Structure formats: C-alpha cells, structure tokens
Amino acid sequence: MIPIIQALIAGLPLLALDQAKNDYSKPETWLCRPGRVGDACSSSKLDSTMVASSGRLKVEKWKPNPNPPVDCFYVYPTVSNDATANSDMIANAEELRVIEHQFARFASHCRVYAPLYRQVTLTALRALMTGKPMPEADFTLPYKDVSDAWNFYLEHDNHGRGVVLIGHSQGSGILTRLVHDEIDNNEARRGLLISVFLLGTNLPVPEGKDAGGAFENIPLCRSTGQTGCVVAFASFRATEPPPANTLFGKVALGMTAACVNPAALGGGTAALHAYLSTGGSILAAEVSSLPWVTPAPKKPVSTPFVTVPGLLNGECVKDERGSYLSIRVNADPKDPRTDDITGDVVSGGVKLSNWGLHLIDVHLVMGDLLDLVAKQSKAWLSGHRTAP
C-alpha cells in the first residue's frame, strides 16, 4: 500500500490519458493571480488571536503587502472531493479553503500565484487505500497542468523577479518533479529561486549530504541568508513518532528523507510560530476543536486563526523510525491555555498515526515560513545568492 500512496503524493506516471491542455491565460484557471477581482488570496479572513499562556487574548490584524518585491507560486495538496478520479477546473469550497489555510497569508510578502490543476482527488485516494483503485485515474495530469501554469507564469508574469515555490503533499510531489525537470539543471531558472518549500513529503537526499538526491544543484537550506535552497519535512508528534508503516520520513535505501526545520535551519530545537485554525481544517469546513482557554473568557476567540507562543517546539529528528520534524506540545496543566492541539488524520473515528500531523504541516510553521521568506527575499534582492 505504501508505494501506491507515495505514487499519488509524488505524481508518478502510473497512467497517462489524452487530456486537453488548460489555457492558463484565462483568469478562471487560477485561484490566485495578481490583478484578479474576487481572487482567492484576497480573503480578509486571516486575522488571528494570540493566546498567551496566561490566557490573555490579543487580536492580530492581517494585511497584504500592496507592492511586494518577490513572488510566491503555490501548489495545493489533495483536497478535492470531486467524484471523479481527477478534479475538474472549477474552483470549489475545498480549493478555496486550503488557500486560506496554507497560502493567502504569504501575500504579506509576495505577489501570489496559485493555479487550479486537475489533481488526483480524495475520492481516488480513498479508493486506493481500500484496494479498489479507480482505473481512470491519471497520475500524470496534475504535473502537466502545473508545468503549463509555471511556464505561463515565467513567460508572462515573472520578468526576472525572485520566486518562492511552495507545495504541500500532492503539491510537493508535483513541485519536486517540476524543480527536477525544469529548474535544477537550468542555471537561469535556478537564479530566480529564492527558495523551495516542499512540505508534508519525502524528499530524498544522500546520507549526510544536502544535495544529490532529488536535486543535484539545489541544496537544503541551512541559514536564513541562503537562497536557491530547499525546506522540506513531514511532521509527527514527539509522543507519537513514525510507526513501522509510516507514509512519511523514510525513503529508498542509501537515502534519507530531508528534514529542515523552518524555525531552526541549522538544526536543534526551536519554538514554532504556528497559525492554528479555530474551526475547519484543510479537508473540512468544521472540525471539533479544543477550548483555547479554560475557563472560557467573557469574550471568546472569534478570529479564524490563533497563535500560541511558547506552546509548540519543533526539532528535526533522525533515528530508526525515520527522519521527521518532531513536534512537542509544552503542556502546562497549571495555566489556563490549552494543553494540546488538533491536527491528526482520523478516519472512521480512528487516528491514522502513519500520517502524523499531515493536516497541519503548514499551520505548525506558518509564521516561521513567512519570516524565512522575508529574510531570504532580502538576501536574494541584495544580490547575495548562494551558489549551488
């Protein structure tokens, strides 16, 4: 079962059908693109509430940068509930919701681009997991669509601007192939890369090295002033590390799954600047959530996101279980703030521990990713690009 699921995540060519190409000159083929009216990234639902350990609440307003100097290009994870094996090109609630959860906030630093693409759907994923794959599923189509969108962006929008590539899960698999096929061995295109964020995936690198696995010329990021590099990880609770049947944290023999902690590129433990959802997840509009403060304050949390300074630590761990971002919840029963977080993958009321904290890979480090974009963009714009 693991190879099939990893094939889905990586977008491997298990089946190729003759499909018409998308026309990415049409506004409706993008979820986010500058200059669009009603753009998915123009959401105003990004305010957050800081929940201090004392229980004090403070609302933090969000606003986009009206004239950002760099670009961000995002490929979203498996969220479509379309009944078909590959999604259609009509933006629905799932795609709009994941934009709010994982990408719209980057508009505080970037011009934001997010193409719609005909991804392999949750319907097809569930069929695979139950041993009844949908024969019409086209695993090559998502990559073809994203490649077409990327090349349209380069031709019509980039104009030599620095760009951050961001993906999660299926989106990370697609971007891994895109970087390998179209950027890694192209010096001019490599020069545009500020960084690549491949989240919730298994990126292979040789044991003890930062490059030479998936990419020859694009290493793992090790400092905030480094550009043209990669951040990659999959997250698990420190109390529930990857099990024997894990889907993340392990790759082929002789390689290791890359783990770069956005909050501590050089390694070690660091406090995480998370933006956690107060209601829905990337897969559902509503989920049961823990109370943020007990007893409940007179004026409860009303923003769609919260930050929880000091509650979460992250550290890249490499052991016999795999290579993964270990998330520790710094619970303190004596203070009024919550002592746990939600984000585990659950099916039929059963926690699927082999997925780890896959649903909130991006939420856990959103603030750290934004900070990294700001610092790496400054380095790129100043001309201090790190040679491969």
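**Cavities, sheets and selected residues**

Sorted by class, the residues that line the second largest cavity comprise nine nonpolar, two polar and one charged. This description, like everything below, rests on a predicted model. The volume of the second largest cavity is about 40 Å³. Its lining is made up of Leu-203, Pro-204, Val-205, Asp-210, Ala-211, Gly-212, Gly-213, Ala-214, Phe-215, Ile-218, Leu-220 and Val-230. For a student new to the idea of a cavity, a simple picture may help: rolling a probe the size of a water molecule over the atoms shows where empty space is left.

How many cavities of 30 Å³ or more does a search of the whole structure find? The search gives two. The largest cavity holds about 60 Å³ of space. Around the largest cavity sit Phe-236, Arg-237, Glu-240, Asp-344, Val-345, Lys-351, Leu-352, Ser-353, Gly-356 and Leu-357. By class, the lining of the largest cavity has four nonpolar, two polar and four charged residues. In the lining of the second largest cavity, one residue is charged.

It is useful to step back and look at the whole chain. The protein contains seven helices and 18 strands. Its C-alpha trace extends over about 60 × 50 × 45 Å along the principal axes. A compact globule of 388 residues would have a radius of gyration near 21 Å, and the protein has 20 Å, so the value agrees with that expectation. Of the 388 residues, 56% count as buried. Contacts can also be sorted by how far apart the partners lie in sequence. Among contacts with a separation of 6 or more, 78% are between residues 24 or more positions apart.

The strands are the next topic. Strands of a sheet pair through backbone hydrogen bonds, either parallel or antiparallel. In this model, an open sheet of four strands has the order 3-2-14-13, and its pairing is mixed. The edges of this sheet are strand 3 and strand 13 (276-277), each of which pairs on one side only. Strand 2 (residues 48-51) is joined to strand 3 (residues 57-60) by four bridges, in the antiparallel sense. Individual partners can be traced along this pair: Ser-48 is bridged to Glu-60 in strand 3, and Val-51 is bridged to Leu-57 in strand 3. Strand 2 and strand 3 form a hairpin with five residues between the strands, where Gly-55 takes a positive phi near 95°.

Thr-49 gives a closer view of the same region, since its place is in strand 2. Is Thr-49 buried or exposed? With a relative accessible area of 3%, Thr-49 falls under the 20% cut-off and is therefore buried. Leaving aside neighbours within four places in sequence, Thr-49 is in contact with Leu-57, Lys-58 and Val-59, and also with Val-301, Thr-303, Phe-305, Val-306 and Thr-307.

A second group of paired strands involves strand 5 (residues 110-115). Strand 1 (residues 30-32) runs antiparallel to strand 5, and two bridges join them. Within that pairing, Trp-30 has Pro-115 of strand 5 as its bridge partner. Strand 4 (residues 70-75) pairs with strand 5 in the parallel sense over four bridges. Here Cys-72 is matched with Val-112 of strand 5. Strand 5 is mostly covered, with five of its six residues buried.

Tyr-113 lies in strand 5. Its relative accessibility is 1%, so Tyr-113 counts as buried. Which residues does Tyr-113 contact, leaving aside its neighbours within four places in sequence? The contacts are Trp-30, Cys-32, Arg-33, Pro-34, Asp-71, Cys-72, Phe-73, Tyr-74, Phe-103, Tyr-153 and Asp-157. Tyr-113 and Val-164 are 51 residues apart in sequence, and their C-alpha atoms are 10 Å apart in space.

Asn-217 offers an example from a loop. This residue is found between strand 8 (204-206) and strand 9 (229-233). Asn-217 has a relative accessible area of 23%, so it is partly exposed. The C-alpha atoms of Asn-217 and Glu-187 are 9.3 Å apart, while the two residues are 30 residues apart in sequence. Two residues of the loop's surroundings, Pro-204 and Val-230, are among those that line the second largest cavity, which brings the account back to its starting point.

Notes:
Residues are numbered from 1 along each chain as its sequence is written. This is a predicted model: local features need pLDDT of at least 70, side-chain atom pairs count only at pLDDT 80 or more; totals for chains, interfaces and linings use all residues. Side-chain values use heavy atoms; hydrogens and water are left out. On a 1 Å grid over the protein atoms alone, a cavity is a set of points where a 1.4 Å probe fits but cannot get out, and a pocket is an open set with protein on both sides within 12 Å along at least five of seven lines; lining residues have an atom within 4 Å of a point. Grid points are joined across faces, edges and corners, and a volume is the space filled by probe spheres set on the points. Ala, Val, Leu, Ile, Met, Phe, Trp, Tyr, Cys and Pro count as nonpolar, Asp, Glu, Lys and Arg as charged, and the others, Gly among them, as polar. Two strands pair if DSSP finds at least two bridges between them. The radius of gyration is taken over C-alpha atoms; the globule rule is 2.2 Å times the number of residues to the power 0.38. Buried means under 20% relative accessible area, exposed over 50%, partly exposed in between (1.4 Å probe, protein chains only). Contact means heavy atoms within 4.5 Å.
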